[in-house]
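Here's a quick walk through a protein model with a ligand in it. Have a look at the structure first, then we'll start at the binding site and work outwards.

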Amino acid sequence: MPVRNTLKTHSGRSSAKFASSSAANVWGARTVAIHGAEKVDAATRASVPPIHMSTTFGVDKPVSFSAHDQDTDSGDNFIYTRWGNPTIQQLEQKIALLEGVSSNSCLCFASGMAAITALLVGRLSAGDHLVMSDIAYAGTAELARKTLPRLGIHVTLVNTSDLVAFGKALRPETKMIWIESPCNPIMRLTDLSETVSLARARCNKVEIAVDSTLATPAATQPLVDNGADWVVHSLTKYIGGHGDALGGAVIGREPSAVRALCVEASVHYGATLSPFNAWLIARGLCTLGLRMKAHEEGAMMVASFLEKHAAVERVMYPGLHSHPQHDLAKRQMRNFSGMINFRVKGGLPAGERLAAIMMQRLSVVKYAVSLGHHRSLCFFMPTDALVASSFTLAGDSAGLVSYRDFAGDGMFRLSVGLEDPVDIAKDLESCLDDLS
Ligand SMILES: *Cc1c(COP(=O)(O)O)cnc(C)c1O
């Protein structure tokens with residue numbers, strides 16, 4: 001069976017790398033996800049980490065009232081939860097280890113957008129130049145088009161998958177590059193190693209940030225494998241994995257830069273992750289490797305089913321041979337993830353009709369936004385509406401052409417969950433069959 005073969009060759013590739021500083025240098029990814037940064041609770045010997053909801057911690061020596069004077073790096077020296085909290089710290093350490101860097105290299109925030117804003121606003125100043133993917137998560141896209149220019153940051157939007165166009169967008173003084181791979185919602189990939197080396201060759205002092213939400217550390221580790229400086233995740237998606245907690249993370253290659261961002265963004269912008277959410281996300285994260293395997297297997301089967309259905313015009317899934325960047329996906333991703341998009345024959349009217357049928361009829365798949373949960377989720381995204389709201393391309397038609405290439409007049413973004421793939425396919429089939 002083609003699905004099996006692909007999975008086999010796929011898992012035969014190099015396994016994940018981990019920071020050499022701790023037990024992580026001998027453990028595999030699944031062990032790190034479970035035991036990384038955990039220890040038996042000293043007070044109770046509980047095997048499950050406790051949740052520390054406390055906002056404040058007893059102080060046993062004189063401390064300054066300013067976070068600038070605090071050593072937020074020093075393990076157990078907790079003072080106030082906006083500055084640091086044991087439950088949040090444990091999650092941060094686990095995520096850092098899974099990205100292959102030292103355990104003090106991650107900061108968590110209240111949502112993915114809070115993490116993204118922390119990094120962009122925390123590292124860029126008025127007059128700085130940012131080169132960003134012309135297609136990115138809608139919240140990021142809108143932030144880059146409206147808020148950042150208002151703060152005096154110069155933003156150039158470009159298709160980061162097109163190395164020629166990307167090279168033209170770079171300036172010697174470019175301060176930051178923002179890549180999303182695969183990018184939400186069109187599943188276009190960017191060659192991370194190529195873009196990083198081109199940016200390093202052309203720019204004097206540039207930081208490369210990758211939104212790795214759709215890939216997860218099970219697929220790519222941009223800090224250790226591709227030479228990126230920053231990775232961000234929406235923990236709301238695959239890392240938490242169960243649709244019950246918002247969260248975000250920034251992971252950096254340089255611990256001193258992470259420490260500076262902690263004082264600037266965690267302490268002063270204040271979008272602190274709730275310790276309760278940190279605990280839920282850490283619990284979800286324990287099974288990331290297993291879940292990603294099942295997401296990939298399910299997505300492969302559902303994508304193959306969709307590709308054969310008479311009502312379907314085109315399916316985009318990095319694991320399919322028909323994906324225009326399938327070779328790059330095989331080279332760059334250890335796991336093809338669980339995100340598919342597809343469009344139906346008959347353009348926008350047919351898409352809108354199918355969306356209406358889905359809202360009424362789907363029972364396994366939920367007609368809802370978001371992604372990466374154990375439940376399958378599907379949502380229709382009309383191209384003109386998205387281009388008008390999120391991907392406004394001022395005077396630049398190349399971006400729109402490239403978007404339409406992937407999305408047509410509108411596409412269904414499908415996050416394949418952990419249900420039996422055959423039930424997901426049957427659920428979709430009952431809607432698609434009604435379309436003709
Ligand atoms: C969902 C998402 C975000 C935003 O995350 P929230 O947790 O919803 O704030 C950012 N980037 C990508 C790629 C996403 O899918």
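## Around the ligand

Sorted by class, the ligand's shell holds five nonpolar, seven polar and three charged residues. Bear in mind that this is a predicted model. Of the 15 residues around the ligand, the ones that come nearest are Gly112, Asp211, Ser234, Thr236 and Lys237. Going by secondary structure, helix H4 (residues 112-123) is the top contributor to the shell, giving three residues.

Now for the polar side chains. The side chain of threonine 236 has an N or O atom 2.6 Å from a ligand oxygen. For serine 234, the equivalent distance from a side-chain N or O atom to a ligand oxygen is 2.8 Å, and for asparagine 184 it comes out at 3.0 Å. How much of the ligand does the protein bury? On its own the ligand would expose 380 Å², and 94% of that is buried by the protein.

## The fold as a whole

Zooming out, you've got 16 helices and 12 strands to look at. The protein runs to 436 residues, and 54% of them count as buried. Its exposed surface is about 18100 Å², with carbon and sulfur atoms supplying 55% of that area.

If you take the contacts between residues at least 6 apart in sequence, 74% of them link residues that are at least 24 apart.

## Two nonpolar cores

The largest nonpolar core has 48 residues, and Leu91, Ile95, Cys108 and Ile177 are the ones touching the most other members. Which residues does leucine 91 contact, once neighbours within four places in sequence are set aside? The list is Cys108, Leu235, Leu273, Ala278, Ile281, Ala282 and Leu285.

Apart from that core there's another one, made up of 39 residues. Its members include Met333, Leu362, Leu414 and Ala425.

## A buried aspartate

One more spot to click on is aspartate 134, which sits in the loop between strand S2 (129-133) and helix H5 (138-150). Is aspartate 134 buried or exposed? Its relative accessibility is 3%, so aspartate 134 counts as buried, given that the cut-off for buried is under 20%.

What does its side chain pair up with? The side chain of aspartate 134 makes a polar contact with the side chain of arginine 188, at 2.8 Å.

Terms used. Residues are numbered from 1 along each chain as its sequence is written. This is a predicted model: local features need pLDDT of at least 70, side-chain atom pairs count only at pLDDT 80 or more; totals for chains, interfaces and linings use all residues. Side-chain values use heavy atoms; hydrogens and water are left out. A residue is near a molecule or strand if one of its heavy atoms lies within 4 Å of it. A polar contact is a pair of N or O atoms within 3.5 Å; within protein, one must be able to donate a hydrogen and the other to accept it, and residues adjacent in sequence count only if both atoms are side-chain atoms. Accessible areas come from the Shrake-Rupley method with a 1.4 Å probe; for residues, only the protein chains shown count as cover. Helices (H or I, at least four residues) and strands (E, at least two) are DSSP runs, numbered from the N terminus. Ala, Val, Leu, Ile, Met, Phe, Trp, Tyr, Cys and Pro count as nonpolar, Asp, Glu, Lys and Arg as charged, and the others, Gly among them, as polar. Buried means under 20% relative accessible area, exposed over 50%, partly exposed in between (1.4 Å probe, protein chains only). Contact means heavy atoms within 4.5 Å. A nonpolar core is a set of buried Ala, Val, Leu, Ile, Met, Phe, Trp, Tyr and Cys residues joined through side-chain atoms within 4.5 Å.
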